[in-house]
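Hi everyone, thanks for making time this morning. I'd like to walk you through one model, so let me put it up on the screen.

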Amino acid sequence: MENFREIERNNMTEKTNLSEEQKRILIDKGTERPFTGKFLKHNAKGIYTCAACGNQLFDSNTKYDSGSGWPSFYDVVNEGNVKLNRDSSLGMVRTEVVCAKCGGHLGHVFEDGPSNTTGLRYCINSLSLDFEKEA
Ligand SMILES: [Zn+2]
């Protein structure tokens, strides 16, 4: 497992200009501190993409303020663009959200989103995201 991580880390390092902090989240599945992310209070119109590979992930129209301290979305741009994995680390069973293209860790999805939408809350690290402003 450690070797696998190392290989993945090296591949991603070659391909991108990720910061150490971003690698800690995207590759080592870390979590940024709540209320610190640059996209938390970000309200521009556009598409949030994977910071590692540019894959389109979330539309700003589905972003909402969940009060959790992390950028929250109730839907993905395209269901095939993310993959969901069962994550039983830290003594909890959660559903991990990863980028379907590069495997980068994005965050988790919970079922306590706005009930008038999908009912889902994609709780995503700002450090895993980039943003393409609507033209
Ligand atoms: Zn990616």
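**The core, then the sheet**

Let's begin in the middle: the largest nonpolar core holds 26 residues, and those with the most contacts inside it are Ala 51, Leu 57, Val 82, Val 97, Leu 106, Tyr 122 and Ile 124. Please keep in mind that this is a predicted model.

Which elements feed this core? At least two residues each come from helix H2 (20-26), strand E1 (46-50), strand E2 (56-59), E6, E7 and E8. As a general reminder, nonpolar side chains tend to be buried together in soluble globular proteins.

Let me zoom in on Ile 124. Leaving out residues up to four places away in sequence, Ile 124 touches Trp 70, Pro 71, Phe 73, Val 97, Leu 106, Gly 107 and Leu 129. Two of those names, Val 97 and Leu 106, you have just heard among the core residues with the most contacts.

Now for the sheet. In what order do the strands sit? The order is E3-E4-E8-E7-E6-E5, an open sheet of 6 strands with antiparallel pairing. At the edges we find strand E3 (63-64) and E5, each pairing on one side only.

Let's walk in from the E5 side. Strand E5 (residues 82-87) runs antiparallel to strand E6 (residues 94-99), and 6 bridges pair them. Within that pairing, Asp 87 has Arg 94 in E6 as its bridge partner, while Leu 84 is partnered by Val 97, which we met in the core. The hairpin of E5 and E6 has 6 residues between the strands, and there Leu 90 takes a positive phi near 60 degrees.

Next over, E6 is joined by 4 bridges to strand E7 (residues 105-110), again antiparallel. Here Val 98 stands opposite His 105 in E7. This hairpin has 5 residues between its strands, with Gly 103 at a positive phi near 80 degrees.

Finally, towards the other edge, strand E4 (residues 72-73) and strand E8 (residues 121-124) pair in the antiparallel sense over 2 bridges. Phe 73 stands opposite Tyr 122 in E8. That brings us back to where we started: Tyr 122 is another of the core residues with the most contacts, and Phe 73 is one of the residues touched by Ile 124.

Thanks for listening!

Conventions
Residues are numbered from 1 along each chain as its sequence is written. This is a predicted model: local features need pLDDT of at least 70, side-chain atom pairs count only at pLDDT 80 or more; totals for chains, interfaces and linings use all residues. Two strands pair if DSSP finds at least two bridges between them. A nonpolar core is a set of buried Ala, Val, Leu, Ile, Met, Phe, Trp, Tyr and Cys residues joined through C-beta atoms within 7 Å. A residue is buried if 20 or more other C-beta atoms lie within 10 Å of its own, exposed if 12 or fewer, and partly exposed in between; C-beta atoms are placed from the backbone. Two residues are in contact if their C-beta atoms, placed from the backbone, lie within 7 Å.
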